[in-house]
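The following report describes how the strands, the helices and the side chains of one model are arranged. The sequence and the structure come first, and the text then moves from the sheet to the core and on to individual residues.

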Amino acid sequence: MRTKNSPIRVLWFVNTPFPAVNKRLGKKESLGTGWWMKTTMNAMANCEMIGKIGIVWASNEIREFERFEEDNSIYYLVPDHPLPARKKSKLSRVWSRLNGIINMVKPYSYQKELAYCVRAVRDFKPDLIHVWGTENFYGLISDIIDVPVLVKFQGLISVIKDDVWGDVKWRHRFLMPNEALYQIDITKRSKNEIKIIKQNKYFEGRTLWDYSHLREHNISAQYYDVPEIMRPSFYESRWSIDGVNRHSVYMTARSMPAKGVPCLIKAIGIVRKYVPDVQLRIGGHITDKGYGKYIRSMVSDMGLDDCVAFLGPVTENEIINELLNAHVYVLSSYIENSCNSLIEAELVGVPCVASYVGGIPSLINDLKTGLFFQKGDSAALAMAIRRIFDDDALALRLSEEARKFSLERFNGNRVINGILSAYRDILDRENHERSVQ
């Protein structure tokens, strides 16, 4: 039995493969995916309060439950209604795709997956479980184990599902099957998310928005306000107006309509009437199919090919270089909780313009640390960009205040202490409950 001051064994349930898992599976490390959890794990590795961290990852890429050890951590791989093994034949790829669609739309209880998770819990014997995200089924485990569970809010798919399509009209959606399947998927999974929010006792969040939606469904849960750690290089880099490419705009996005890229493209078209040399650089994986094809066609149709660049997947160093060179960073999303790419821009000190949605008001103070516009309003976005282009004093003030705010809010020691404080408080509460029973 764990004593009050003994190190804590904590088992993390994560929604992205860690480097050790990628190595085990022979996969390349994906860019920009789940690095905040990996950064946090590295920072916690030497904390005296932490005895050992275990990692559980479920995926349809996994076909058998597996346990292995790497770098003083124990990893558990869980099959998540796996797809058939892919082979080179076209028929097998089609069959795999059909199975994926069937799994996406049919009712599913996750009994097998939860049984594997319980197996991991019994093997690791944690004092506490930390579930990173409500999007997966992990949080349902609290109903079948006697171990305290802390659930971290990342996105909230039960809310996000209503803004999945952003500003894409119905007539275009029929040409975006992957995006349509994504909406079907998260709409289905959102029912589990609501169940997770209702049945758990402890939650970790980072914005007034996620706190508000917790209170919509669960009035008695304990909430811990803990932001995330960014990658160290973003704390160390510093934007200077003397080094920027004047009239350049940068954003990081994926092929998701909710990111609102068309709104920004339209805004650039407006800005160009007044600032002919404006440049937009978009980092991230934008496909040449579906939604990706749609926005690429929009650029061409508007005659903006010479001023809009799609950079593709970008590395950490490439993002920093883009931010240091940008005159303005833009977040044009229709919904976000706490957008890490925006936080990175604030840490570096790039003047930021963002849509007033979700948890973003917890990251920006309008006219002080950034400028807001209403989602989908390309004219207002264009004006906000022009204000920064035309006013160096405003750009410098936004840069200084945003960097000051973000360096304090996302300080690594503060974040780690917040997580450890939550762990300690949860275990104390659980011990107290047992003592009075």
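In this predicted model, strand S1 (residues 8-14) and strand S5 (residues 128-132) run parallel and are joined by four bridges, with Leu128 of S5 serving as the bridge partner of Val10. Both strands belong to an open sheet of eight strands with mixed pairing, whose order is S3-S4-S2-S1-S5-S6-S7-S8. Its edges are formed by S3 and by strand S8 (222-225), each of which pairs on one side only, and from one strand to the next the twist averages 25°.

Helix H16 (residues 412-436) lies across several of these strands, namely S1, strand S2 (50-59), S5, strand S6 (149-152), strand S7 (202-205) and S8, and it runs at about 160° to S8. One of the residues found in H16 is Ile416, which has a relative accessible area of 7% and is therefore buried, the limit being 20%. Ile416 touches Thr40, Ala43, Met44, Cys47 and Ile229, if residues up to four places away in sequence are not counted. The C-alpha atoms of Ile416 and Val226 are separated by 8.6 Å, although the two residues are 190 residues apart along the chain.

Two of the contacts of Ile416, Thr40 and Met44, are also among the buried residues of helix H2, which are Trp35, Trp36, Met37, Lys38, Thr39, Thr40, Met41 and Met44. Helix H2 (residues 35-44) is largely enclosed by the rest of the structure, because eight of its ten residues are buried.

In soluble globular proteins, nonpolar side chains tend to be buried together. Here the largest nonpolar core has 144 residues, and those with the most contacts inside it are Trp12, Phe13, Met44, Leu342 and Tyr423. Helix H16 supplies the largest share of this core, with eight residues.

What does Phe13 touch, not counting residues up to four places away in sequence? Its contacts are Val56, Cys117, Val121, Ile129, His130, Val131, Trp132, Tyr138 and Ile141. Phe13 also takes part in a cluster in which ring pairs link Phe13, Tyr110, Phe137 and Tyr138.

A search of the whole structure finds 14 aromatic pairs. In one of them, the rings of Phe405 and Phe410 have their centres 6.4 Å apart and their planes at 90°, and the pair is therefore edge-to-face, a class that applies over 60 degrees. Within this pair, Phe405 is partly exposed, with a relative accessible area of 28%, whereas Phe410 is buried, with a relative accessible area of 2%.

Arginine side chains also lie over the faces of aromatic rings, as the following table shows for two cases.

| Arginine | Ring | Distance from the ring centre |
|---|---|---|
| Arg9 | Phe124 | 4.3 Å |
| Arg173 | Trp170 | 4.5 Å |

Another group of paired strands is centred here on strand S12 (residues 328-331). Strand S9 (residues 248-252) is joined to S12 by two bridges, and these strands run parallel; Val249 stands opposite Val328 in S12. S12 and S13 likewise run parallel, with three bridges joining them, and the bridge partner of Tyr329 in S13 is Cys352.

Which residues of S12 point one way, and which the other way? Val328 and Val330 point one way, while Tyr329 and Leu331 point the other way, and all are buried. In a regular strand the side chains alternate between the two faces of the sheet.

Finally, the backbone takes a positive phi at two residues that are not glycines. Phi of Asn72 is near 65°, and this residue lies in the loop between strand S3 (66-70) and strand S4 (73-79). The relative accessibility of Asn72 is 61%, so the residue counts as exposed, for which the limit is over 50%. Leu367 has a phi of about 75° and is placed in the loop between strand S13 (352-355) and strand S14 (371-373). With a relative accessible area of 43%, Leu367 is partly exposed.

Technical notes
Residues numbered from 1 in each chain as written. Predicted model: local features only at pLDDT ≥ 70, side-chain atom pairs only at ≥ 80, totals over all residues. Heavy atoms only, no water. Core = buried A, V, L, I, M, F, W, Y, C linked by side-chain atoms within 4.5 Å. Buried < 20%, exposed > 50% of the residue type's maximum accessible area, 1.4 Å probe, protein only. Contact = heavy atoms within 4.5 Å. Phe/Tyr/Trp six-rings, centres within 6.5 Å; stacked < 30°, edge-to-face > 60°. Lys NZ or Arg CZ within 6 Å of the ring centre and 35° of its normal. Pairing = 2+ DSSP bridges. Axes fitted to C-alpha atoms, helices over the stretch in contact; angles between N-to-C directions.
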